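Visitor: I'd love a close look at one part of this structure, with the charged side chains as the focus. Could you walk me through how they pair up, and how exposed the partners are?

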Amino acid sequence: MEELFGGAAPYYARYRPAYGEAAIEHLARALGPDSRVLDLGCGPGTIAVPLAGRVRTVLAVDPAEEMLAAGRRLAAGAPTITWLRGDSTTLRALPPFDHVVMGRSFHWMDRRAVLADLDELLPPRGAVALIGPVSRRGEPWQPNAQPWQPVERRVCADFGLGMSAAATSFHATAEPHRDVLAASPFDHLESRTFTRRLTWDVDGLVGLQLSYSYSSPAALGDRLHAFVEALREALLADNPAGRWEQELLTEVLIARRPPGRRPADPP
Ligand SMILES: C[S@@+](CC[C@H](N)C(=O)[O-])C[C@H]1O[C@@H](n2cnc3c(N)ncnc32)[C@H](O)[C@@H]1O
């Protein structure tokens with residue numbers, strides 16, 4: 001797993017858009033100030049860091065040591081975050097938690113198996129909260145929605161880089177997270193969408209591309225420099241002004257069991 005995002009963590013921490021104050025505040029209110037929250041697939045703490053201090057504790061779990069290290073640095077010793085190496089298959093080994101949040105990470109997992117485990121581990125009103133980009137309200141994110149993305153895809157294709165199997169199968173099968181949740185014990189769904197405008201320059205877009213698993217520095221190896229140069233040149237040829245606007249929509253999707261439904265018994 002570490003290989004999938006090999007060398008990407010610094011780019012991830014610097015260039016992947018954060019979720020914004022309004023989305024994090026909404027999430028914190030929904031979970032409650034006294035809650036113990038598992039951030040599963042925490043990366044460099046994109047949720048864990050801003051959520052800490054608004055809930056009782058955050059357990060930040062990721063299989064990639066590089067991501068955890070970046071998160072520890074960004075958190076600068078925040079005492080309410082515990083960083084742990086683990087993944088979606090090791091939930092039973094974790095200390096108890098009241099809610100789970102997953103930011104752009106659920107598609108990496110065996111989603112049904114995770115929800116079955118969570119049905120045994122979460123308390124009756126425990127929430128499964130997903131945060132991530134959407135193309136339009138209620139619709140999954142589309143990989144080519146932004147004006148610069150066809151250029152990036154073309155350069156990636158020239159370097160033999162394709163979207164990761166996890167991302168491809170998630171987007172290609174188009175089984176949205178909300179459908180997987182609706183077919184699970186956590187079928188009581190509440191969605192809020194938050195909109196922000198971002199402006200990118202060419203360094204930002206190159207850094208963003210290096211944050212993806214399929215075009216990470218590890219995936220590129222000794223072609224990293226050539227890739228960066230090719231991408232920069234192609235982006236500026238397409239848009240010599242070197243400035244790109246994005247309307248970024250972030251969905252916070254909170255799933256709970258319906259009132260009165262009990263957690264599953266452990267096996
Ligand atoms: C796109 S990053 C998301 C990071 C962060 N949560 C965010 O919102 O930006 C996906 C993260 O999921 C992690 N991941 C991949 N497979 C996982 C699994 N099976 N269980 C838990 N985390 C996983 C990766 O190591 C990576 O850090």
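Guide: Glutamate 175 has a relative accessibility of 27%, so it counts as partly exposed, since that class runs between the 20% and 50% limits. Bear in mind that this is a predicted model. The partner of glutamate 175 is arginine 112: the two form a salt bridge whose closest N and O atoms are 2.7 Å apart. Glutamate 175 sits in the loop between α7 (165–173) and α8 (177–182), while arginine 112 belongs to helix α5 (residues 111–121), so this pair ties together parts that are 63 residues apart in sequence. Arginine 112 is partly exposed too, with a relative accessible area of 46%.

Helix α8 brings us to another pair. Arginine 178, in helix α8, is joined to glutamate 251, in strand β7 (residues 244–256), and this pair links distant parts of the chain, 73 residues apart. Their salt bridge has its closest N and O atoms 2.7 Å apart. On the acid side, glutamate 251 has 10% relative accessibility and therefore counts as buried, the limit being under 20%. Arginine 178, at 27%, counts as partly exposed.

Now for a pair within one helix. Glutamate 25 and arginine 29 both lie in helix α2 (residues 21–31), four residues apart, which is about one turn of the helix. Their side chains meet in a salt bridge, with 3.3 Å from N to O. Glutamate 25 counts as partly exposed at 26% relative accessibility, whereas arginine 29, at 65%, counts as exposed because it is over the 50% limit. This pair also has company: Glu21, Glu25, Arg29 and Arg54 are linked in a network of salt bridges. A search of the whole structure finds 15 salt bridges, and the pairs described here are among them.

Since you may want the ligand as well, here is its setting. Of the 19 residues around the ligand, Tyr12, Tyr19, Gly41, Thr46 and Asp62 come nearest. An oxygen atom of the ligand lies 2.6 Å from a polar side-chain atom of aspartate 62, and an oxygen atom of the ligand is 2.8 Å from an N or O atom in the side chain of threonine 46. At glycine 41 the contact is with the backbone: a polar backbone atom there is 2.7 Å from a nitrogen atom of the ligand. Taken alone, the ligand exposes 600 Å², and the protein buries 97% of that. The shell around the ligand divides into ten nonpolar, six polar and three charged residues.

Key. Residues numbered from 1 in each chain as written. Predicted model: local features only at pLDDT ≥ 70, side-chain atom pairs only at ≥ 80, totals over all residues. Heavy atoms only, no water. Near = heavy atom within 4 Å. Polar contact = N/O pair within 3.5 Å; in protein donor to acceptor, adjacent residues only side chain to side chain. Areas by Shrake-Rupley, 256 points an atom, 1.4 Å probe, with all protein chains shown as cover. Nonpolar A, V, L, I, M, F, W, Y, C, P; charged D, E, K, R; others polar. Salt bridge = Lys/Arg side-chain N within 4 Å of Asp/Glu carboxyl O. Helix = DSSP H or I, 4+ residues; strand = E, 2+ residues; numbered from the N terminus. Buried < 20%, exposed > 50% of the residue type's maximum accessible area, 1.4 Å probe, protein only.
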